[in-house]
Amino acid sequence: MEFCCNPVILCKNNRRLLNPGASGLGYGKTMVFTLHRYIFRELFKVFLLATVALTLIASMGSMYRPIQKYGVGPQQVFQLLGYFLPIMLTFVLPMSALFAASLVYGRFASDNELDACRASGISFTTVMYPGLFLGVLVSITTLVLSFHVVPAFVHRAERTIKANAEQILFRNIQRKGYYAIPDNRYRVFADHASAETDTLQGVVIIETRDGGVTKLITADAARIEFETQKNFNEVTITAKDVFQIDKHGRQAYMASLPVRSTFASLLTDDIKFQRIDDIKRIQADKLHFYPIREVAYRCRAQLAIEMLAEQIRRTLSAGQYFEFVGKDRKVLFTAAGCTATSKDYIVELEGPIVLVELHKDLGTVTARWDCQRGRIQLESADRPDATLDLILDSPRHDRGDFKGIAQKHVIKYLPLPRNIEEILTEDRLLETIASLDSETPPVAEPSETLRALKRQVSRKIERTELEIGAEVHSRLVFGLGCSLLIMAGIALGVVFKGGHLLTAFGASSIPAAALIIFIMTGKEMTKNPSMSMMTGIMVMWAGLVVLGASVFFIYRRLLRT
């Protein structure tokens, strides 16, 4: 890069200056404009080349995790690469601009063009305008990328993976023999997988909770269905000719069994990938954020079971039958007592148990059952509309014209009592959970399991609020710091003009590293519940203040010399 600061040579191609009537002021303005144009052109060339090189290197590394974890196919790699590009640019653009500023201005000073400009009456402050413009441009771009573009593109990448969720499942089974559903609750094994018909052959499904196996399901075949929602995903595995064993050794055979699992977004269940409008929505309604909703629904399930057990005990103590109204029948039962368990969302019924099934519309008795053991189990804790299963072990039955003993009798799809559902609606759920520590809790004696789940909900909400504060302020500090970093690169490029060209960039990287350290330290302090959120935020902004003071000190010494 060669600059010539002779006013006549710099402006010889400017037609306006060929006019003999042009003033001296016109000469000066045009010369400065031409100088700025040349400097910015050199800055932009180096900036563009550095951006392309660094982005390609970083993007290749970013694709490793989706390919390894989700089994993304080759045809999706380049599509996802485009979606992950803004993430790379958020970090690459400031470094590329810093590299360009220190290199171009270092070369500008080492070739004595800066001295020539000063001799022509052009101050150093005027010469640095193109670099300052680049710094402001990079700051604005970084802020727009981090607050709007990056989350939007990550959500597009999420939709791409969702659209191919079934292919990913079948590809994993074909390659590894199994697929772990992302919620870590179910693991599906199969001898053969057919993506064309969405079916599996020779299926084994293992359900785990709290690190232990709770259920083993074997089936001759199964069909896979994915349903993608905005904030979560649901997979349904409908198994045929099912043999099931639970952790207590209880066995059952069913002709068909649907296994449903709800799991979070694969990429977007983190605050750092949330758009600014989503962040505002989460602040207004915490259930909008899946990690909070997941824990809140588990707490809701346990609370529903304990409220149900309490309601059954009151009804039975009054000598009455407890009633469920299902889709196709009414169920009345009485028992010696009941207890809500601390796991698996079950109400254990104590014998003797007498159960009567009635036709829903006619009210006539269709069957009578009696046994010594039974239970009521919530089908799923992941859905707000989950229904109940009423299970009787080894019951005797009387159908009027036929009597006998069954190994097991299961009545599915029984809804929760209406008064319990009204208390646990989504708009009141967090308020109801918070009231467990009040003087009038929704259940008379909350179990320790329920209290522990309530504490988990509170901690998750608190942590999410801290993460929101940390993320928003870190984006602002990093975006605004880009301009100061590039100004530091310009000054250090001039200071180290006598050394190697990369010496200035190396020296300029020190303030950048310091700013990143301040941001990361502040984020961790902000996320720490034992510390005040303002402490971490102040540390992040302190990094920007220190950087600004350093730049001011460097320029003050530089302008003196």
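## Salt bridges

Let's start with the charge pairs: this predicted model holds 19 salt bridges. Side chains of opposite charge can pair when their charged atoms come close, and three of the pairs are picked out below.

Take R281 and D278, which form a salt bridge with their closest N and O atoms 2.5 Å apart. Both residues sit in helix α9, which covers residues 276-284, and because they are three residues apart there, about one helical turn separates them. Their surroundings are worth a look too. D278 has a relative accessible area of 2%, so it counts as buried, while R281, at 33%, is partly exposed.

## The α10 pair and the D328 pair

Next up is R314, which makes a salt bridge with E310; here the closest N and O atoms are 3.3 Å apart. Helix α10 (residues 290-317) carries both residues, four residues apart, or about one turn of the helix. That spacing fits a general rule: an α-helix has 3.6 residues a turn, so residues three or four places apart point the same way. As for cover, E310 comes out as buried because its relative accessibility is 16%, under the 20% cut-off. R314 has 49% relative accessibility, so it counts as partly exposed.

D328 and R329 also bring their side chains together in a salt bridge, at 3.3 Å from N to O. R329 is partly exposed, with a relative accessibility of 23%. Salt bridges that share partners go a step further and tie R275, D278 and R281 into one network.

## Helix α12, inside and out

Now for helix α12, which spans residues 426-434 and includes D427. Which residues of α12 are buried? They are L429, T432 and I433. Looking down the axis of α12, you find these buried residues within an arc of 95°, so they line one face of the helix.

Turn to the face of α12 that points away from its buried side, and you meet the exposed residues D427 and E431. D427 has a relative accessibility of 66%; that is over the 50% cut-off, so it counts as exposed.

## A negative patch

D427 and E431 turn up again in a negative surface patch, together with D285 and E426. Why can D427 belong to this patch? Patch members need over 30% relative accessible area and no salt bridge, and D427, at 66%, passes the accessibility part of that test, so its exposure fits its place there. Within α12, then, D427 and E431 belong both to the face turned away from the buried side and to the negative patch.

How values were computed: Residues numbered from 1 in each chain as written. Predicted model: local features only at pLDDT ≥ 70, side-chain atom pairs only at ≥ 80, totals over all residues. Heavy atoms only, no water. Patch = residues over 30% accessible without salt bridge, like charges linked within 9 Å, V, L, I, M, F, W, Y side chains within 5 Å. Areas by Shrake-Rupley, 256 points an atom, 1.4 Å probe, with all protein chains shown as cover. Salt bridge = Lys/Arg side-chain N within 4 Å of Asp/Glu carboxyl O. Lys, Arg positive; Asp, Glu negative; His and termini not counted. Charge placed at Lys NZ, Arg CZ, Asp CG, Glu CD. Helix = DSSP H or I, 4+ residues; strand = E, 2+ residues; numbered from the N terminus. Buried < 20%, exposed > 50% of the residue type's maximum accessible area, 1.4 Å probe, protein only. Arc of directions from axis to C-beta.
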